[in-house]
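Me: I'd like a close look at one part of this structure, and then a walk outward from there. Keep it informal, please.

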Number of protein chains: 2
Amino acid sequence: MTTDVTSGPADGPEPTASVRRITDDLLERVEHRLRSFLTAEHTRFAEVDERAATVLTTLSDLVTSGGKRIRPAFCLTGYLAAGGDLEDPGIVSAAAGLEMLHVSALIHDDVVDNSTQRRGKPTMHTAFAQHHTRHTWRGEARRYGEGMAILIGDLALVYSDQLMAHAPTGLLPEWHHLRSEVQVGQCLDVTAAAEFAVDPRLSRLIALIKSGRYTIHRPLVMGAAGAGRPDLAAAFAEYGEAVGEAFQLRDDLLDAFGDSAQTGKPAGLDFSQYKMTLLLGWAMQRDEHIRTLMTEPGHTPDEVRRRLLDTGVPDDVERHIADLVERGRKAIADAPIDPAWRTELADMAVRVTYRNS
Amino acid sequence: MTTDVTSGPADGPEPTASVRRITDDLLERVEHRLRSFLTAEHTRFAEVDERAATVLTTLSDLVTSGGKRIRPAFCLTGYLAAGGDLEDPGIVSAAAGLEMLHVSALIHDDVVDNSTQRRGKPTMHTAFAQHHTRHTWRGEARRYGEGMAILIGDLALVYSDQLMAHAPTGLLPEWHHLRSEVQVGQCLDVTAAAEFAVDPRLSRLIALIKSGRYTIHRPLVMGAAGAGRPDLAAAFAEYGEAVGEAFQLRDDLLDAFGDSAQTGKPAGLDFSQYKMTLLLGWAMQRDEHIRTLMTEPGHTPDEVRRRLLDTGVPDDVERHIADLVERGRKAIADAPIDPAWRTELADMAVRVTYRNS
């Protein structure tokens, strides 16, 4: 069974709601794959030691704590748009592997960025540090919390690969690129924050690597490659890089002006971590005083926010997001895929760039 | 070309020096594989950004800083003893992947254990933190140093897998077990240290997972599986678990009494990190005062060392190491492998358990 959802030119393309249901069905199979994989691992480690099984419970709790599954959705959509076989379990494993990689990245990023909240709950290292303090254990609570999060993030990274071992082999080169690139991109990100030099070229490169390629372009291309359609790589790359930049810009806006209750993360984390985002880089180019507000003691995040708004950059960023979404739509306008999937990809670009969490 | 090094029963087994040369030749190919892999990645990232290439240089420096290559050696020996084809490049990639995994583990362990020295140089997180301080960058130097080490350790973990993608597929199930198990084992290790409760059963389980299986048993079995000889798994497991426990006990002794100039690591790290090693667990069962010396302020590592010697446990541990090496030798006495490789495995057991670094 393939995913050609049009029965013929006379009928025209199916409405996008119908193709989205196909993706949603596959996404449910991804959930099932993740849960059954982790349950099997839990059983395996429970036979070794009760404490070992606890590690698996902690990881499972995070995996099932309500992520948006953006990367699996793009991978599956790339696969389906390319006419991939719906019955092949390989692509479900690939999408599950992408999500597991993301969970690993979240756990480690939260340590690297010293973030206290994720999905409305204490981050993993925070929870372990609190546990250490409550039990008045030996050593430093911070180191114990971060140590456990490093190791459990490593475990998730290993598992992402174990899931990917069942994926169609054609997508593996893209997978290898995606994984190494995102780690190097993160290194650039934390170094740019430490240097805190305004360098929009570097900020843009980081956004491209961390969001454009990691979240959208490479998952889409993995899906197409898994369906045996490497010919779609160029159009999907162009779409992914444009929509990915818009995705990252929305992230910057949500961090600065979003509602912590909706994002599930602390507000203003980029400020406190000196993240040289595109938003802040552009704003500082227009108003150097923002740098002072961020780096000298005695200023509140609210002052930074007000001054940011005064520069007019947030409005410009909104316009830029709209342009990028349009650019993404055009990039796939002539791609040789079913028109219903083209519409769905255009819709997805809007959904991921106009989100509130 | 297979590795049957005897030309017939009349000649008897070749001297072990001769089969070791075969392993050493393959180990040289492993070095070459690691270097050429990292050079290619360096080139790839240098095209993206100069700073990205620096990340690769940092990783390459550690990979080529003189590790003992114990895991690759056991993997290759398992493969060769099982009659694996010398010309198959797959096993070289597998051994390189094992070493890359180990480099990842070292980088992350040094953060988790807050260790300042590795192979006689500052650990990766220490070096990055120093760099941050020297340049008076933004944010916390410790967090920057540890953040970079987390990300570069992740990169090495990703690369270990990329190398393993070229390995004989028969060894992958064992590889998956090895990797997830070692992360969970590390979680148990840091939690046991935090709790600091004497529990020799748990200490032994941790030693089994972290050293027996990770360092010896599973690399050997991977090698045999790569050569299509899963029938050797039971004998290699028994050998690996015995010699691995001896390996870990030597590690405990070196940490407590070894010469930092030779080990390249700080002396007494287990004490300062409250590691509930087998050595310390047994010693505390015999003399409760050691616990006080380790946990109450005002006592030096030298006091702990002297008291440890007084218990007589270090001498018992030496005898136990000798027993375990003998047990390892017996485990493979009837294994259906060339006698020269049997002798070489017995020699390896001695070499890795009577080392000074």
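In which helix is T353(B) found?

Reply: Sure. Keep in mind that this is a predicted model. T353(B) is found in helix α16 of chain B, which covers residues 339-353. With a relative accessibility of 0%, T353(B) counts as buried, because the cut-off for that label is under 20%. Skip the neighbours within four places in sequence, and the contacts of T353(B) are V243(B), A246(B), F247(B), R250(B), I321(B) and V325(B).

One of those contacts, F247(B), leads on to a charge over a ring. The charged end of R355(B) sits over the ring of F247(B), and the distance to the ring centre is 4.1 Å. So F247(B) is in contact with T353(B) and also has the charged end of R355(B) over its ring. Chain A has a pair with these residue numbers too: R355(A) places its charged end over the ring of F247(A), 4.1 Å from the centre.

Staying with rings, a search over all chains turns up 10 aromatic pairs in the whole structure. Among them is F37(B) with Y159(B), an edge-to-face pair with 5.0 Å from centre to centre and 80° between the planes. F37(B) belongs to helix α1 (residues 16-46) of chain B and Y159(B) to helix α6 (residues 141-164) of chain B, so the pair ties together parts that are 122 residues apart in sequence. Both F37(B) and Y159(B) are buried. Over in chain A, ring pairs link F128(A), W137(A) and Y144(A) into a cluster.

Next to W137(A) in the numbering comes T136(A), and its backbone deserves a glance. T136(A) is not a glycine, but its phi is positive, about 40°. T136(A) is found in the loop between α5 (124-134) and α6 (141-164) of chain A, and it counts as exposed because its relative accessibility is 68%. In chain B, T136(B) also has a positive phi, near 40°, in a residue other than glycine. T136(B) is found in the loop between α5 (124-134) and α6 of chain B, and with a relative accessible area of 69% it is exposed.

For a buried residue in chain A, try L62(A). L62(A) has its place in helix α2 (residues 50-63) of chain A, and at 16% relative accessibility it counts as buried. Leaving out neighbours within four places in sequence, L62(A) is in contact with V103(A), I107(A), R119(A) and M124(A). P339(A) is another matter: its C-alpha atom is separated from that of L62(A) by 37 Å, and the two residues are 277 apart along the chain.

Last, the empty space. The count comes to four cavities of 30 Å³ or more, and the largest cavity has a volume of about 50 Å³. Its lining is made up of D109(A), V112(A), D113(A), Q186(A), D189(A), V190(A), K275(A) and L151(B). The elements of chain A that give two or more residues to this lining are α4 (89-112) and α7 (172-195). The largest share, three residues, comes from α7(A). By class, the lining of the largest cavity has four charged, three nonpolar and one polar residue.

Conventions:
Residues are numbered from 1 along each chain as its sequence is written. Chains are lettered from A and ligands numbered from 1 in the order in which they are written. This is a predicted model: local features need pLDDT of at least 70, side-chain atom pairs count only at pLDDT 80 or more; totals for chains, interfaces and linings use all residues. Side-chain values use heavy atoms; hydrogens and water are left out. On a 1 Å grid over the protein atoms alone, a cavity is a set of points where a 1.4 Å probe fits but cannot get out, and a pocket is an open set with protein on both sides within 12 Å along at least five of seven lines; lining residues have an atom within 4 Å of a point. Grid points are joined across faces, edges and corners, and a volume is the space filled by probe spheres set on the points. Helices (H or I, at least four residues) and strands (E, at least two) are DSSP runs, numbered from the N terminus. Ala, Val, Leu, Ile, Met, Phe, Trp, Tyr, Cys and Pro count as nonpolar, Asp, Glu, Lys and Arg as charged, and the others, Gly among them, as polar. Rings of Phe, Tyr and Trp (its six-membered ring) pair if their centres lie within 6.5 Å; planes under 30 degrees apart count as stacked, over 60 as edge-to-face and the rest as tilted. Buried means under 20% relative accessible area, exposed over 50%, partly exposed in between (1.4 Å probe, protein chains only). A charge sits over a ring if NZ of Lys or CZ of Arg is within 6 Å of the ring centre and within 35 degrees of the ring normal. Contact means heavy atoms within 4.5 Å.
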